[in-house]
Amino acid sequence: LLGDIMKSRSLLEVIARADIDACLAHDNFRDLPLHLLARRLITWEEQWKTWEELSSDETLTTQIYETMAECIELVLKPVATHSDLCRSRGSVGKILPLHIA
């Protein structure tokens, strides 16, 4: 799980550094990358909760949370400077970037 999250963070870093505007682009369903990431994080969190019940490794738990937060920050930071995007609802559940933050 941590490996998947870290790979995603690395990919997000590459994309954000290469083209910060990629973080601001809606897809055909009017989702921002932030909305897509939030849905992926929900899946990761479900996996993590199952794992957490079986493990007592607090260091790994901390790493998972910190890496998830870093992923969110990478795509949230550019959105936060655009008030119109802050009000952008995702296609599933109508989640605003503020809810994700």
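Which residue forms a salt bridge with Asp31? In this predicted model, the partner is Arg39, and the closest N and O atoms of the two residues are 3.0 Å apart. The two partners fall into separate accessibility classes. Asp31 has a relative accessible area of 2% and is therefore buried, whereas Arg39, at 26% relative accessibility, counts as partly exposed. The Arg39–Asp31 pair is one of 3 salt bridges that the structure holds.

A further salt bridge joins the side chains of Glu70 and Arg9, with an N to O distance of 2.5 Å. This pair links distant parts of the chain, since Glu70 belongs to helix α3 and Arg9 to helix α1, with their positions 61 residues apart in the numbering. With a relative accessibility of 18%, Arg9 counts as buried, because the limit for that class is under 20%. Glu70, by contrast, reaches 35% and counts as partly exposed.

The side chains of Arg17 and Glu13 also meet in a salt bridge, at 3.8 Å from N to O. Both residues lie in helix α1, where they are 4 residues apart, about one turn of the helix. Arg17 is exposed, its relative accessible area being 70%; Glu13, at 28% relative accessibility, counts as partly exposed.

The two helices linked by the Glu70–Arg9 pair also pack against each other. Two packed helices are described by the angle between their axes and the distance between the axes. Helix α1 covers residues 2-18 and helix α3 covers residues 58-80; their packing angle is about 25 degrees, and their axes are 9 Å apart. Angles under 35 degrees count as roughly parallel, and α1 and α3 are therefore roughly parallel to each other. The crossing in which α1 passes α3 is left-handed.

On the α1 side, the contact is made by Leu2, Ile5, Met6, Ser8, Arg9, Leu12 and Glu13. Helix α3 contributes Leu60, Gln63, Ile64, Thr67, Met68, Glu70, Cys71, Leu74 and Val75. Sorted by class, the contact of α1 with α3 comprises 10 nonpolar, 3 polar and 3 charged residues. Among the contact residues are Arg9 and Glu70, whose side chains form the salt bridge at 2.5 Å. Glu13 is likewise part of the contact, while its salt-bridge partner is Arg17, a residue of helix α1.

Key. Residues are numbered from 1 along each chain as its sequence is written. This is a predicted model: local features need pLDDT of at least 70, side-chain atom pairs count only at pLDDT 80 or more; totals for chains, interfaces and linings use all residues. Side-chain values use heavy atoms; hydrogens and water are left out. Axes are lines fitted to C-alpha atoms, for helices over the stretch in contact, and angles run from 0 to 180 degrees between N-to-C directions. Angles under 35 degrees count as roughly parallel, over 145 as roughly antiparallel, 65 to 115 as roughly perpendicular and the rest as oblique. A crossing is left-handed if the near helix is turned anticlockwise from the far one by less than a right angle, and right-handed if clockwise. Contact means heavy atoms within 4.5 Å. Ala, Val, Leu, Ile, Met, Phe, Trp, Tyr, Cys and Pro count as nonpolar, Asp, Glu, Lys and Arg as charged, and the others, Gly among them, as polar. A salt bridge is a side-chain nitrogen of Lys or Arg within 4 Å of a carboxyl oxygen of Asp or Glu. Buried means under 20% relative accessible area, exposed over 50%, partly exposed in between (1.4 Å probe, protein chains only).
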